[in-house]
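Colleague: Before I rely on the terms used for this protein, I should like to hear the reasoning behind them. Could we go through them one at a time?

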Amino acid sequence: RLVHSQRQLLEVLVDFWHNHFNVFRETDNTPPYFMSYDRDVIRPHALGNFRQMLEAVATHPAMLYYLDNANNQVMGPNENFARELFELHTLGAENYLGVQDPTQVEKLADGTAIGYVDNDVYEAARCFTGWRVGDNYGEWEEGVPSNGLFHYHRPWHDRFNKLVLGQYIPPDQADMEDGRHVLDILATHPGTARFI
């Protein structure tokens with residue numbers, strides 16, 4: 001497909017975005033989703049809006065399984081996806097400021113931190129709790145479908161307030177709003193534009 005396509009710019013960008021938003025197809029539960037990830041996430045967004053692509057990546061089962069966000073819940077937040085979101089998908093290692101007090105990080109004109117610290121990753125992981133896959137095949141979790149698609153599971157979400165890149169995220173927001181707020185901040189951050 002890459003070699004014979006009449007749309008070579010698209011194919012170059014598809015290759016670029018596949019590498020940028022990498023999933024390893026041999027990871028547990030990821031192989032059945034690899035073709036869907038290419039068809040439904042990478043290809044439709046390769047020439048489109050970066051913010052929309054971020055959410056498509058974040059909600060696709062291939063990425064949810066690959067970076068363990070499918071298991072991210074308030075009782076034990078998993079930072080794998082949040083860390084990769086900052087380090088690889090958006091701001092990059094060049095905007096990492098190490099272990100600092102997040103309230104002391106220099107701010108941009110809009111009040112957003114100029115870079116990220118470890119605490120931003122931990123807080124972002126809390127924002128993405130409950131973003132999982134509808135994989136309740138044993139039917140032991142009430143309210144979780146068995147369809148293999150993205151599922152927001154409210155009981156798993158950390159509903160308390162958070163602070164990400166200097167931006168206050170209030171408690172008890174609408175479904176998925178915490179995670180979407182983080183994606184908004186990262187997609188419009190000048191550090192992301194430079195890194196990409």
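Modeller: Let us begin with a definition: a residue counts as buried when its relative accessible area is under 20%, as exposed when that value is over 50%, and as partly exposed in between. Please bear in mind that this is a predicted model.

Colleague: Why is M176 called buried?

Modeller: M176 has a relative accessible area of 12%. The limit for burial is under 20%, so M176 is buried. The residue is found in the loop between strand 4 and helix 7, and its phi is positive, about 70°, although M176 is not a glycine.

Colleague: What makes D172 partly exposed?

Modeller: The relative accessible area of D172 is 45%. Partly exposed covers the range between 20% and 50%, so D172 belongs there. D172 also lies in the loop between strand 4 and helix 7, and with phi near 55° it has a positive value in a residue other than glycine.

Colleague: How do you know that D172 forms a salt bridge with R159?

Modeller: The test is a side-chain nitrogen of Lys or Arg within 4 Å of a carboxyl oxygen of Asp or Glu. For D172 and R159 the closest N and O atoms are 3.0 Å apart, so the pair meets the test. R159 lies in the loop between strand 2 and strand 3, so the bridge ties together parts that are 13 residues apart in sequence. R159 itself, at 42% relative accessibility, counts as partly exposed.

Colleague: What makes R43 and E11 a salt bridge, and which parts does the pair tie together?

Modeller: The closest N and O atoms of R43 and E11 are 2.9 Å apart, and the cut-off is 4 Å, so the pair qualifies as a salt bridge. R43 lies in helix 2 (residues 34-45) and E11 in helix 1 (residues 8-20), so the pair ties together parts that are 32 residues apart in sequence. R43 has 14% relative accessibility and E11 has a relative accessible area of 4%. Burial requires a value under 20%, so R43 is buried and E11 is buried.

Colleague: Are R132 and D135 buried or partly exposed?

Modeller: R132 is buried, with a relative accessible area of 2%, whereas D135, at 23%, counts as partly exposed. Their side chains meet in a salt bridge, at 2.8 Å from N to O.

Colleague: How many salt bridges does the structure hold?

Modeller: The structure holds 16 salt bridges. Elsewhere, R51, E55, R180 and D184 are joined into one network by salt bridges that share partners.

Colleague: Why is helix 5 called oblique to helix 6?

Modeller: The axes of helix 5 (residues 80-89) and helix 6 (residues 118-127) cross at roughly 130° and come within 8 Å. An angle over 145 degrees would count as roughly antiparallel, and 65 to 115 as roughly perpendicular. The crossing angle fits neither range, so helix 5 is oblique to helix 6. The crossing is right-handed.

Colleague: Which residues meet in this contact, and how many are nonpolar?

Modeller: A82, R83 and F86 in helix 5 meet D118, D120, V121, Y122, A124 and A125 in helix 6. By class, the contact has six nonpolar, no polar and three charged residues.

Note on methods. Residues are numbered from 1 along each chain as its sequence is written. This is a predicted model: local features need pLDDT of at least 70, side-chain atom pairs count only at pLDDT 80 or more; totals for chains, interfaces and linings use all residues. Side-chain values use heavy atoms; hydrogens and water are left out. Helices (H or I, at least four residues) and strands (E, at least two) are DSSP runs, numbered from the N terminus. Buried means under 20% relative accessible area, exposed over 50%, partly exposed in between (1.4 Å probe, protein chains only). Axes are lines fitted to C-alpha atoms, for helices over the stretch in contact, and angles run from 0 to 180 degrees between N-to-C directions. Angles under 35 degrees count as roughly parallel, over 145 as roughly antiparallel, 65 to 115 as roughly perpendicular and the rest as oblique. A crossing is left-handed if the near helix is turned anticlockwise from the far one by less than a right angle, and right-handed if clockwise. Contact means heavy atoms within 4.5 Å. Ala, Val, Leu, Ile, Met, Phe, Trp, Tyr, Cys and Pro count as nonpolar, Asp, Glu, Lys and Arg as charged, and the others, Gly among them, as polar.
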